[in-house]
Amino acid sequence: VVFGGHVIADTRAKKNKTISYDAFASVNFPALALVQGDRLVRYVPSPWPTGPVEFGRAMNPRVFLLKLMPGTSPEVFDWIAQSGMRGLVLEAFGMGGLHYIRRNLVRALDALAKSGVRVLVVSQCLYEKADLGIYEVASGLEPSRVRGGADMTTEAAVTKLMYVLGLDLPDDRT
């Protein structure tokens, strides 16, 4: 993405303003380069492709994005499973915090994952990362089906999960 003279890796670009010339930011990664007139000033070296560029066309749109908020009901995971979704990007609190008192989302999320829905947990925080290993509450989740999204933005997580699910790989490869 090139905006306002800054070259930002597409998987790190986040639009954070509506009309300003500096509307995009590079999240958790430095800008790749700066365009100055007809010059490109590289900050981060990038290898040039040696062969023809191939674009992946495999996309599975059956990915649901859920932003946790206080009061989220565990029944939403039942709906996701019954709706035929193949993936869930869950935007959790902080580093991956989930409700487990009064509304046990962990138990419902585990059941969703066991039904075959792939789950990627990201943080609602723009910077830094989600890490499910920090909280004991997430220790009961099946790591092959519920994964932390590290420092991916929500948009990158949704797109990447759609792509991976579109590849139709065996369970142990996704």
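**Entry 1: helix 2**

I began with helix 2, which is mostly covered: seven of its 10 residues are buried. I noted that the model is a predicted one. The buried positions in helix 2 are Leu105, Val106, Ala108, Leu109, Asp110, Leu112 and Ala113. I then asked what covers the buried residues of helix 2. The cover includes helix 1, strand 8, strand 9 and strand 10, the last spanning 146–148. Just past the end of helix 2 I found Gly116 with a positive phi of about 110 degrees.

**Entry 2: helix 1 against helix 2**

Next I looked up the packing of the two helices. Two packed helices are described by the angle between their axes and the distance between the axes. Helix 1 covers residues 75–82 and helix 2 covers residues 105–114. Their axes stand 9 Å apart, at an angle of about 10 degrees. Angles under 35 degrees count as roughly parallel. Helix 1 and helix 2 are therefore roughly parallel to each other.

Which residues meet here? From helix 1 I listed Phe77, Ile80 and Ala81. From helix 2 I listed Leu105, Ala108, Leu109 and Leu112. I sorted the residues of this contact by class: seven are nonpolar, none is polar and none is charged. For the pattern in the numbering I kept a general point in mind. An α-helix has 3.6 residues a turn, so residues three or four places apart point the same way.

**Entry 3: the cores**

I moved on to the largest nonpolar core, which holds 20 residues. Which of them touch the most other members? They are Phe77, Leu88, Leu109, Leu112 and Val146. Helix 1, strand 8 (87–92), helix 2 and strand 9 (118–123) each supply at least two residues of this core. Helix 2 gives the most, with six residues. A second core of nine residues is separate, and Val89, Val122, Ala157 and Leu165 are among its members.

Phe77 of helix 1 and Leu109 and Leu112 of helix 2 had already appeared in the helix contact. Leu109 and Leu112 are also on the buried list of helix 2.

**Entry 4: the open sheet**

I turned to the strands. Strands of a sheet pair through backbone hydrogen bonds, either parallel or antiparallel. Here four strands form an open sheet in the order 1-2-5-6, with antiparallel pairing. Which strands are at the edges? They are strand 1 (2–3) and strand 6 (39–42), each pairing on one side only.

I followed strand 5, residues 33–36, which runs antiparallel to strand 6 and is joined to it by four bridges. Leu34 has Val41 as its bridge partner in strand 6. Strand 2, residues 6–7, pairs with strand 5 over two bridges, also in the antiparallel sense. There His6 stands opposite Leu34. Leu34 thus appears in both pairings, opposite His6 and with Val41.

Strand 5 and strand 6 form a hairpin, with two residues between them. Gly37 lies in the turn and has a positive phi of about 65 degrees.

**Entry 5: positive phi outside glycine**

I checked for positive phi in other residue types. Asn28 has a phi of about 60 degrees, although it is not a glycine. Asn28 sits in the loop between strand 4 (24–26) and strand 5. Is Asn28 buried or partly exposed? Asn28 counts as partly exposed, at 24% relative accessibility.

Ala150 also has a positive phi, near 50 degrees. Ala150 belongs to the loop between strand 10 and helix 3 (154–166). Its relative accessibility is 38%, so Ala150 counts as partly exposed.

**Entry 6: Lys67**

I looked up Lys67, which lies in strand 7, residues 63–67. Lys67 is partly exposed, with a relative accessible area of 49%. How far apart are the C-alpha atoms of Lys67 and Gln124? They are separated by 7.7 Å, while the two residues are 57 apart along the chain.

**Entry 7: the whole chain**

I closed with the totals. The protein has three helices and 10 strands. From the N terminus on, the elements run β-β-β-β-β-β-β-α-β-α-β-β-α. Of the 174 residues, 36% count as buried. Among contacts with a separation of 6 or more, 65% come from residues 24 or more positions apart.

How values were computed
Residues are numbered from 1 along each chain as its sequence is written. This is a predicted model: local features need pLDDT of at least 70, side-chain atom pairs count only at pLDDT 80 or more; totals for chains, interfaces and linings use all residues. Side-chain values use heavy atoms; hydrogens and water are left out. Two strands pair if DSSP finds at least two bridges between them. Axes are lines fitted to C-alpha atoms, for helices over the stretch in contact, and angles run from 0 to 180 degrees between N-to-C directions. Angles under 35 degrees count as roughly parallel, over 145 as roughly antiparallel, 65 to 115 as roughly perpendicular and the rest as oblique. Contact means heavy atoms within 4.5 Å. Ala, Val, Leu, Ile, Met, Phe, Trp, Tyr, Cys and Pro count as nonpolar, Asp, Glu, Lys and Arg as charged, and the others, Gly among them, as polar. A nonpolar core is a set of buried Ala, Val, Leu, Ile, Met, Phe, Trp, Tyr and Cys residues joined through side-chain atoms within 4.5 Å. Buried means under 20% relative accessible area, exposed over 50%, partly exposed in between (1.4 Å probe, protein chains only).
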